[in-house]
Amino acid sequence: MTKNRGLIAGIPEKKRREPISNTSLLLRITICTFIGMYVLAMLVWGRGFLNPQQFLDLFNNNAFLIVIACGLTIVMMAGGIDISGGGITALVTMVCIVYLDDHGGSVPGSLCLALGIGIAFGLVQGILISYLDIQPFIVTLAGMFFAKGMITIVSAVPRTAAQETFLALKQFRFEIPGIGYYGKTGNFIPAKIELGVIVAIAIVLAIAVILKWTRFGRNLYAVGGNKQSALMLGINVKRTKFYSYLLAGLLSGIGGYVYLLHTGAGDAANATAAEIQAIASAIIGGTLLTGGVGSVIGTLFGVLILKTITSIVVTSGLREPYWQSITTGLMLCFFILLQSVVLALREKGGFKLQLPEWMKLKSKKSGTDITPGKDLT
Amino acid sequence: MANGLKKLARSQLVVPLLALFLLIVFNLIRDVGFFSITLTTNNDGNTVLSGNIISILNGASELVILAIGMTLVTASSRGQDISVGAAAAIAGSIFVSVLRANQITIPIILVAFLASCIVAILFGVFNGTLVAAFKIQPMIATLILFSAGRSIAYWINGGATPTVSSPLLVNIGSFIPGIPIPTPIIIIIVCGVLIWLVLRFTNLGLYTQAVGINERSARLNGINAAWIKLLSFMILGICVAIAGCIKVCRIGLINHETLLLDVEMDAILAVAIGGNSLGGGKFSLIGSVIGAYIIQALTVTLYAMKVPSTAVKAYKAIVIIAIVILSSPIVKEYALQLRDQLIKKPTKITEN
């Protein structure tokens with residue numbers, strides 16, 4: 001329960017300002033890091049980073065990752081893990097293309113197919129994990145294996161979409177008025193975003209609302225924070241966990257369709273290691289694998305940080321492929337250690353370095369109230 | 001008798017053993033000659049054993065050794081190390097680079113192996129420190145090395161896939177002249193006996209379980225919990241080095257991209273199929289070893305059934321899910337209840 005100390009702690013009447021919770025503290029760290037990193041990149045390397053299109057391309061290229069990472073964040077917040085996202089994404093792209101091209105399918109039909117595959121995976125995994133009490137890692141690992149194996153059973157060779165309605169949808173771009181850049185000939189080219197980005201942003205906002213203002217969202221935090229006390233509060237822990245996996249499966253299905261809208265190709269190599277990137281983004285965004293702490297807005301910025309690092313590495317001349325993964329590893333290391341240190345400091349009532357006045361007060365007050373609850377975990 | 005049966009039914013080994021038994025029966029029905037072992041002469045002129053059983057036992061060697069290390073890590077730290085494949089690539093690269101710098105003799109091979117062991121242990125210490133000192137979830141802590149490890153191996157190799165060839169290495173990777181059993185199997189038996197002796201004559205096993213079950217009470221009982229966790233990661237490091245070196249000897253080159261790819265997933269699966277809880281605590285090394293052989297036997301069976309190699313994963317997933325459902329505590333309890341009802345019913349009727 002120490003995680004929620006900030007929310008529960010008694011606050012003196014004079015100072016109405018609420019102590020910051022772990023979730024929003026980690027979220028602020030992430031957002032500040034991203035802004036700092038991007039501004040630094042603009043100042044040092046200029047050129048490409050000053051171009052608004054390059055910023056929007058961060059979204060264009062990674063919309064599917066944002067969607068998958070949102071699903072993963074929900075699962076991780078409830079204290080679980082889901083590593084089947086990348087596999088489901090690749091399966092959805094392949095199935096939809098085979099359906100569109102070989103079976104004369106329509107675009108709405110393929111969309112339903114994508115959602116159906118996602119829901120089917122989420123349903124089976126959710127039942128196995130929450131009602132049969134099987135370890136989530138193993139179930140979703142099997143899910144990933146199954147999805148990746150099925151791709152080659154559906155079609156042994158990589159495919160490209162040829163259906164006209166779908167291609168029209170894929171080519172569709174939103175122009176953002178007022179933002180753009182000047183091409184080499186001096187004419188103004190407006191910045192564009194793809195359809196998938198709008199879907200991704202809508203999903204991020206919708207889930208942020210769900211987490212903040214619905215009963216299901218609050219239950220998720222409670223279950224992840226402390227399963228036992230959530231149960232004692234009368235929360236249906238099993239059903240909450242089940243819904244979290246169901247939602248993650250559904251979002252993986254949507255992620256697959258967004259991926260298809262971006263590339264228009266079905267391939268077993270699609271979205272390779274997407275699940276690991278999604279986990280990394282969620283961690284950078286301030287979600288703890290132990291559960292109870294996290295936000296999808298943070299995850300969105302996690303994806304952006306992860307991808308900005310890659311483009312900074314490429315821009316700064318380290319073109320060897322291994323630099324990207326090494327810097328990703330270092331970045332992860334930095335964030336993981338930062339979170340660990342920040343949380344450890346707060347747990348001991350510390351964190352006096354930055355906000356001495358009211359933090360000290362809070363730790364004294366809550367020190368006696370909350371510590372016995374620690375034994376429950 | 002009934003009590004003994006009940007104990008057996010509740011034992012964590014029953015489902016993995018049953019699964020292995022079913023796999024064997026399935027193979028026997030499909031092809032009676034599947035398990036025949038023959039003595040043949042290989043290309044080097046040695047008389048060697050060959051057959052599907054031998055190839056299963058031989059092929060599972062790396063997985064078995066990694067599963068043993070993974071079991072200890074899982075038991076002590078309540079999480080899994082997902083960086084073993086990447087760490088094995090690094091250990092293999094060190095092994096190859098030492099070998100290539102020198103004339104290959106038996107002492108040099110030993111030195112190279114020791115060097116790769118030390119590097120792998122150092123990476124184990126890195127992971128272990130993050131887990132034990134900074135209290136980070138093992139899967140998250142090892143994610144760092146997972147994403148950077150193969151790139152480090154690439155960097156050690158200078159971007160190439162260097163080869164090493166020597167009759168001595170072939171001996172380690174396949175057969176020693178005059179001994180018909182594949183060398184990896186012998187190495188695994190030696191390692192298994194060593195680890196069994198360590199667990200039998202030291203408190204390591206007991207302490208590991210104590211830390212996994214309740215870290216706080218273990219610490220109050222005077223066990224240095226952080227050190228036990230670190231030690232389990234270091235032992236896994238040694239296992240990783242052995243697995244990496246066996247694999248390099250087997251194929252005679254190091255490819256940082258494909259060496260032991262996805263082996264971490266299989267190793268964790270082996271631990272889980274063996275009936276061990278991935279949440280730490282009590283563990284059974286025998287279970288994990290059986291789990292590793294089940295995975296390999298399944299793969300060999302699927303290949304023998306002419307399933308395309310890319311589609312193997314889908315069938316594997318179905319079997320894995322079936323095994324974990326059977327070994328889930330809830331299903332087990334339900335099965336026991338059902339059995340009790342079936343047995344008790346006749347007596348009740350006579351009483352009435």
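Modeller: Buried means under 20% relative accessible area, exposed over 50%, and partly exposed in between, with a 1.4 Å probe and protein chains only. This is a predicted model, in which local features need pLDDT of at least 70 and side-chain atom pairs count only at pLDDT 80 or more, whereas totals for chains, interfaces and linings use all residues. Residues are numbered from 1 along each chain as its sequence is written, and side-chain values use heavy atoms, without hydrogens and water.

Colleague: Why is A:Arg159 called buried?

Modeller: A:Arg159 has a relative accessible area of 19%, and the limit is under 20%, so A:Arg159 counts as buried.

Colleague: What makes A:Arg159 and A:Asp102 a salt bridge?

Modeller: The term requires a side-chain nitrogen of Lys or Arg within 4 Å of a carboxyl oxygen of Asp or Glu. The closest N and O atoms of A:Arg159 and A:Asp102 are 2.7 Å apart, and the pair therefore qualifies. The pair links distant parts of the chain, 57 residues apart: A:Arg159 lies in strand 1 (residues 159-160) of chain A and A:Asp102 in helix 5 (residues 85-102) of chain A. Helices (H or I, at least four residues) and strands (E, at least two) are DSSP runs, numbered from the N terminus.

Colleague: Why is A:Asp102 called partly exposed?

Modeller: The relative accessibility of A:Asp102 is 47%. Partly exposed covers the range between the limits of 20% and 50%, so A:Asp102 belongs there.

Colleague: How do you know that B:Asp266 and B:Lys316 form a salt bridge?

Modeller: Their closest N and O atoms are 3.6 Å apart, which meets the 4 Å criterion. B:Asp266 is in helix 13 (residues 263-273) of chain B and B:Lys316 in helix 15 (residues 312-327) of chain B. B:Asp266, at 15% relative accessibility, counts as buried, as does B:Lys316 at 10%.

Colleague: How many salt bridges are counted between chain A and chain B?

Modeller: The count between chain A and chain B is 0, while over all chains it comes to 7 salt bridges.

Colleague: What makes strand 1 and strand 2 of chain B a pair?

Modeller: Two strands pair if DSSP finds at least two bridges between them. Here 4 bridges join strand 1 (residues 38-41) to strand 2 (residues 47-50), so the condition is met. The strands run antiparallel and form a hairpin with 5 residues between them. In the turn, B:Gly45 has a positive phi of about 90°. B:Leu39 stands opposite B:Leu49 in strand 2 of chain B.

Conventions. Chains lettered and ligands numbered in written order.
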